[in-house]
Amino acid sequence: MDGMGLRNVSSHCSISEMDDYDLSRLLDKPRLNIERQRSFDERSLSELSIGFARGGLDNFDITCSPGGRSGFDTPASSARNSFEPHPMVADAWEALRRSLVHFRGQPVGTIAAYDHASEEVLNYDQVFVRDFVPSALAFLMNGEPDIVKNFLLKTLHLQGWEKRIDRFKLGEGAMPASFKVLHDPIRKTDTLIADFGESAIGRVAPVDSGFWWIILLRAYTKSTGDLSLAETPDCQKGMRLILALCLSEGFDTFPTLLCADGCSMIDRRMGVYGYPIEIQALFFMALRCALAMLKPDTEGKEFIERIVKRLHAMSFHMRSYFWLDFQQLNDIYRYKTEEYSHTAVNKFNVIPDSIPEWVFDFMPTRGGYFIGNVSPARMDFRWFALGNCVAILSSLATPEQSMAIMDLIESRWEELVGEMPLKICYPAIESHEWRIVTGCDPKNTRWSYHNGGSWPVLLWLLTAACIKTGRPQIARRAIELAESRLLKDSWPEYYDGKLGRFIGKQARKYQTWSIAGYLVAKMLLEDPSHLGMISLEEDKQMKPVLKRCSSWTC
Ligand code: GLC
């Protein structure tokens, strides 16, 4: 592949002022601007084997050229590149544009699936907040930020609605799972309806929506260099309301966020309740993004302080208790139980007999991952793709842990990727356990849908994690697999089977995030400088937490 020089003509800018906010801001220590430009992200970028000139890298955080809007069908990225795009790319753009939703003439989002063949529409004709994220990134990378801005403002407006389920009023900060535009052709009016969980199957509020909103606001700001949106009183308030929901004090003994089953991408009962990695990683990332954007004014200051403390405690907790590698597994295997007081090694009283058999075979000698869940006497050893990729992107994982996650993906390729990237979780739950854990959910039978199904949308997260860790060849391998099937199969929502060989039993076709996820993965590989939008460098201040009391809060 030639032309990493295209970096210099990239239409995107990242500004150093908007760079990741570190704890030093609160500590009144001088900010390490120069050092920060040589961030972990950028260091790993420079290690990429696709070899672009260092000169381009140095310009990364300071150059800012206006984004050229592309023609209707032509992705700006391929127009400005000298390399030959895969034929699927044009089809994908066309399909993505077909999924656009307009409100009073303005594009405000993309519908979940454009599948007219499917007899059941359910809510797939709605704009889902989480589903729109890869669409938004694709548009940002293509120099089309307007739709993203419209979406951010529209959802912010929806947040302001009064939300009720039966007679119960939801928290003010809750963001919708999805919304829909109703067009009245006679009156020529557009109206919005939104679902905050009150219509969703299972009636669960989407905890991830607010986090994705904050993450997307940062991506928009970082990509356009337009700080004015994040700085508006409305956006500042929106962020504070989301944060107020998850930073409030309660009976918690852990810094992780307690939540109900089905409150994220896995929006059905799947035993993903308590402290699931899927939510913790997004929570951590959203906290870091908010820290970079909150103004230290009267109202913002208090939140900044709370965020800093929470991040500090969370990184310690997650890196110590959720992390599993060969050594750690061996330690747990030998745990004593019923220990009391501060000297306990087995703090959560995990009974070694509860370690599932599969984990002993699955764990490679080299490699590791954040397990699915940790709570009293419970460790969910399942692997979750989103949580682990977001842990890398947010730097919740240390650089060593990030490398170990990539090592695991590589050595357990057949299990985690198989013939279609990427398994949402591994392994599937079967038989009796499936009955108990899912409540006999026929959509989530073993190796299907949320229960070990393969979701093409996860390709963008994998690619971003690969680029951040300097392992683009892993992403390339995964993208090749996707390219051999996705278009031919009409962009399914998910695949079934141990290897992900079969189009999912109830999978929609033309699922927008499968399309957008592919495009984002391609654009990230093509121009790795896009990574800055959805990646945060390691916060040096967070490092000493592993040594517990050497840190500033002690
Ligand atoms: C399903 C998925 C959810 C997604 C929605 C729309 O409910 O589980 O993650 O947001 O479809 O695609």
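# The ligand site and its surroundings

The shell around the ligand divides into 6 nonpolar, 2 polar and 4 charged residues. This is a predicted model, and what follows is read from its atoms.

## Around the ligand

Which residues surround the ligand? They are Ala112, Tyr124, Phe128, Arg130, Asp131, Met265, Asp267, Tyr449, His450, Glu493, Gln511 and Trp513. Tyr124 offers a side-chain N or O atom 3.5 Å from an oxygen atom of the ligand. For Arg130, the distance from a side-chain N or O atom to a ligand oxygen is 2.9 Å. Met265 takes part through its backbone: a polar backbone atom there is 2.7 Å from an oxygen of the ligand. How much of the ligand does the protein bury? Taken alone, the ligand exposes 310 Å², and the protein buries 96% of that.

## The nonpolar core

The largest nonpolar core has 170 residues. Seven names stand out for touching the most other members: Leu137, Trp213, Ile214, Tyr369, Trp383, Ile409 and Leu458. Which helix gives this core its largest share? Helix H11, residues 277–293, supplies 13 residues.

## Salt bridges

Side chains of opposite charge can pair when their charged atoms come close. The structure holds 15 salt bridges. Three of them are set out here.

| Salt bridge | Closest N to O distance |
|---|---|
| Arg164 and Glu162 | 2.9 Å |
| Arg382 and Asp380 | 2.7 Å |
| Glu410 and Arg471 | 2.9 Å |

Take the pair Arg164 and Glu162 first. Arg164 is partly exposed, with a relative accessible area of 42%. Its partner Glu162 is exposed, at 55%.

Next come Arg382 and Asp380. Are these residues buried or exposed? Arg382 counts as buried, at 7% relative accessibility. Asp380 is buried too, with a relative accessible area of 10%.

Then there is the salt bridge between the side chains of Glu410 and Arg471. Which parts of the chain does this pair tie together? Glu410 lies in helix H16 (residues 399–411). Arg471 lies in the loop between helix H19 (458–468) and helix H20 (472–485). The pair therefore ties together parts that are 61 residues apart in sequence. Glu410 is partly exposed, with a relative accessible area of 35%. Arg471 counts as buried, at 12% relative accessibility. Both residues belong to a network: salt bridges that share partners join Arg366, Asp407, Glu410 and Arg471.

## Ser209 and helix H8

Ser209 lies in helix H8, which covers residues 207–224. Ser209 is buried, with a relative accessible area of 1%. How far is Ser209 from Phe196? The two are 13 residues apart in sequence and 9.5 Å apart in space, C-alpha to C-alpha.

The loop between strand E7 (189–195) and H8 holds Arg203. The phi of Arg203 is near 55°, a positive value in a residue other than glycine. Arg203 is partly exposed, with a relative accessible area of 48%.

## More backbone details

Ser341 also has a positive phi, of about 80°, although it is not a glycine. Where is Ser341 found? Its place is the loop between helix H13 (326–333) and helix H14 (357–362). Ser341 is partly exposed, with a relative accessible area of 43%.

Two cis peptide bonds remain to be described. The bond from Pro421 to Leu422 is cis, with omega near 10°. Leu422 lies in the loop between helix H17 (413–416) and strand E13 (425–426). Another cis bond joins Tyr426 and Pro427, where omega is about -5°. Pro427 sits in the loop between E13 and helix H18 (431–438).

## In brief

The ligand has 96% of its 310 Å² buried by the protein. Arg130 and Met265 each place a polar atom by a ligand oxygen, at 2.9 Å and 2.7 Å. The largest nonpolar core counts 170 residues, with 13 of them from H11. Among the 15 salt bridges, the pair Glu410 and Arg471 belongs to a network with Arg366 and Asp407.

Key
Residues are numbered from 1 along each chain as its sequence is written. This is a predicted model: local features need pLDDT of at least 70, side-chain atom pairs count only at pLDDT 80 or more; totals for chains, interfaces and linings use all residues. Side-chain values use heavy atoms; hydrogens and water are left out. A nonpolar core is a set of buried Ala, Val, Leu, Ile, Met, Phe, Trp, Tyr and Cys residues joined through side-chain atoms within 4.5 Å. Buried means under 20% relative accessible area, exposed over 50%, partly exposed in between (1.4 Å probe, protein chains only). Helices (H or I, at least four residues) and strands (E, at least two) are DSSP runs, numbered from the N terminus. A salt bridge is a side-chain nitrogen of Lys or Arg within 4 Å of a carboxyl oxygen of Asp or Glu. A residue is near a molecule or strand if one of its heavy atoms lies within 4 Å of it. A polar contact is a pair of N or O atoms within 3.5 Å; within protein, one must be able to donate a hydrogen and the other to accept it, and residues adjacent in sequence count only if both atoms are side-chain atoms. Accessible areas come from the Shrake-Rupley method with a 1.4 Å probe; for residues, only the protein chains shown count as cover. Ala, Val, Leu, Ile, Met, Phe, Trp, Tyr, Cys and Pro count as nonpolar, Asp, Glu, Lys and Arg as charged, and the others, Gly among them, as polar.
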